[in-house]
Amino acid sequence: MATKTKDTKLDIFIHHSWFFLNHKIPWKGVFFIGIYALIIYIDYLAVNEKILSEQDALRDAIVISITTGLIGSLVFVVLMYFLRPTIALSPFMLKADSLRNPGTLTYIFKIINCNWFFKIKEVEIRLYEFIENDRDSVRDRSNFTRNRLITTEQYVNYIEPRLHKDRKKFARNIYVVGTYVNLEEILTGQNSLEIEIVAKHELSGFSTIKRKLFKNDNNVVFEGKFEKGNNFLYIAKELNLPQGKS
């Protein structure tokens with residue numbers, strides 16, 4: 001048994017146009033053709049508009065996705081900048097009489113946690129000596145050997161932020177690191193010394209590395225002790241150490 005299919009607008013349009021043309025009423029046929037042509041055209045515009053709207057929706061979705069990604073990347077970069085350890089390191093070192101071992105010379109550096117609200121944690125402090133080689137090496141671009149001073153390494157669990165609760169009594173955002181190794185003996189000729197600090201931000205966990213290179217000149221080592229506060233001022237003091245204690 002044959003099934004009857006639903007006539008489309010085009011089938012209806014052909015059927016009625018053929019009917020009017022066969023019955024010799026050309027002006028009605030032309031009119032009917034015009035009406036149906038207008039209906040088909042409007043229907044075409046509606047379908048085309050739907051396709052265009054879907055394309056616009058797809059385009060808007062792509063634009064929104066790209067914009068969201070860019071904003072997310074920008075926020076991440078901002079967080080990387082602000083939620084990272086900010087460390088200040090003294091541009092020189094001081095030599096002074098050791099408080100723990102009176103009569104023993106110690107070389108000290110001052111480290112400041114510049115973050116206002118967050119601690120820096122897992123602080124690692126290392127010293128390296130750069131020793132000038134006796135002869136140039138063809139393979140190495142540098143004429144210096146970098147040696148790690150294992151005995152001077154220190155580890156600090158955390159350093160408080162500037163706005164800690166005891167800031168009126170104690171400057172807990174400041175850490176003074178010292179070593180008994182005679183650093184002036186290393187700073188001879190073209191040799192130099194580098195201090196390296198590795199620390200993590202308390203909230204974000206982002207790490208940073210702070211390095212400072214000390215060369216052999218007159219503005220590297222001074223005698224005295226650091227003043228209190230978030231600065232690198234120091235009080236000059238001549239050392240009167242017993243013989244053999246330097």
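# Exercises on a predicted model

The protein exposes about 17700 Å², and carbon and sulfur atoms supply 58% of that area. The model is predicted.

## Exercise 1. Overall layout

Task: state how many helices and strands the protein has, and in what pattern they follow along the sequence.

Solution.
1. Count the elements: there are three helices and eleven strands.
2. Read along the sequence to obtain α-α-β-β-β-β-β-β-β-α-β-β-β-β.
3. Turn to burial: of the 246 residues in the protein, 27% are buried.
4. Take the contacts with a separation of 6 or more; residues 24 or more positions apart account for 66% of them.

## Exercise 2. The nonpolar core

Task: find which residues have the most contacts inside the largest nonpolar core, and which elements give two or more residues to this core.

Solution.
1. The largest nonpolar core has 25 residues.
2. Met93, Phe109, Val123, Leu183 and Leu193 have the most contacts inside this core.
3. Two or more residues each come from strand E1 (87–89), E3, strand E4 (120–132), strand E6 (154–159), helix H3 (183–186) and strand E8 (192–201).
4. Follow Phe109 outward, leaving aside its neighbours within four places in sequence: its contacts include Leu89, Phe92, Met93, Leu127, Leu183, Ile195, Phe214 and Phe226. Tyr175, Val176 and Val177 are also in contact with Phe109.

## Exercise 3. The largest pocket

Task: give the volume of the largest pocket and describe its lining by element and by class.

Solution.
1. The volume is about 1200 Å³.
2. The pocket is lined by 31 residues, of which Leu99, Ile108, Val176, Val177 and Lys225 are the closest to its centre.
3. Strand E2 (93–97), strand E3 (105–113), strand E7 (174–179) and strand E10 (221–226) each supply at least two residues of the lining.
4. E7 gives the largest share, six residues.
5. Sorted by class, the lining has 13 nonpolar, seven polar and eleven charged residues.

## Exercise 4. The cavity

Task: determine how many cavities of 30 Å³ or more the structure holds, and which residues line the largest cavity.

Solution.
1. Rolling a probe the size of a water molecule over the atoms shows where empty space is left.
2. The structure holds one cavity of 30 Å³ or more, and the largest cavity has a volume of about 50 Å³.
3. Its lining consists of Phe109, Ile125, Arg126, Leu127, Thr152, Gln154, Val177, Gly178, Thr179 and Ile195.
4. E4 and E7 each supply at least two of these residues.
5. By class, five are nonpolar, four polar and one charged.
6. Compare with Exercise 2: Phe109, in the lining here, is also among the residues with the most contacts inside the largest nonpolar core.

## Exercise 5. Two residues

Task: decide whether Glu129 is buried or exposed, and do likewise for Leu83.

Solution.
1. Place Glu129 in strand E4.
2. Glu129 has a relative accessible area of 15%, under the 20% limit, so Glu129 is buried.
3. Beyond its neighbours within four places in sequence, Glu129 is in contact with Thr145, Arg146, Asn147, Leu149, Ile186, Ser192 and Leu193.
4. Place Leu83 in the loop between helix H2 (26–82) and E1.
5. Leu83 has a relative accessibility of 17%, so Leu83 also counts as buried.
6. Leaving aside neighbours within four places in sequence, Leu83 is in contact with Val78, Phe118, His201, Leu203, Ser204 and Phe206.
7. Set sequence against space: Leu83 and Lys200 are 117 residues apart in sequence, while their C-alpha atoms are 9.7 Å apart.

Conventions:
Residues numbered from 1 in each chain as written. Predicted model: local features only at pLDDT ≥ 70, side-chain atom pairs only at ≥ 80, totals over all residues. Heavy atoms only, no water. 1 Å grid on protein atoms, 1.4 Å probe; cavity = no way out; pocket = protein on both sides within 12 Å on 5 of 7 lines; lining within 4 Å. Points joined across faces, edges and corners; volume = space filled by probe spheres on them. Helix = DSSP H or I, 4+ residues; strand = E, 2+ residues; numbered from the N terminus. Nonpolar A, V, L, I, M, F, W, Y, C, P; charged D, E, K, R; others polar. Buried < 20%, exposed > 50% of the residue type's maximum accessible area, 1.4 Å probe, protein only. Contact = heavy atoms within 4.5 Å. Areas by Shrake-Rupley, 256 points an atom, 1.4 Å probe, with all protein chains shown as cover. Core = buried A, V, L, I, M, F, W, Y, C linked by side-chain atoms within 4.5 Å.
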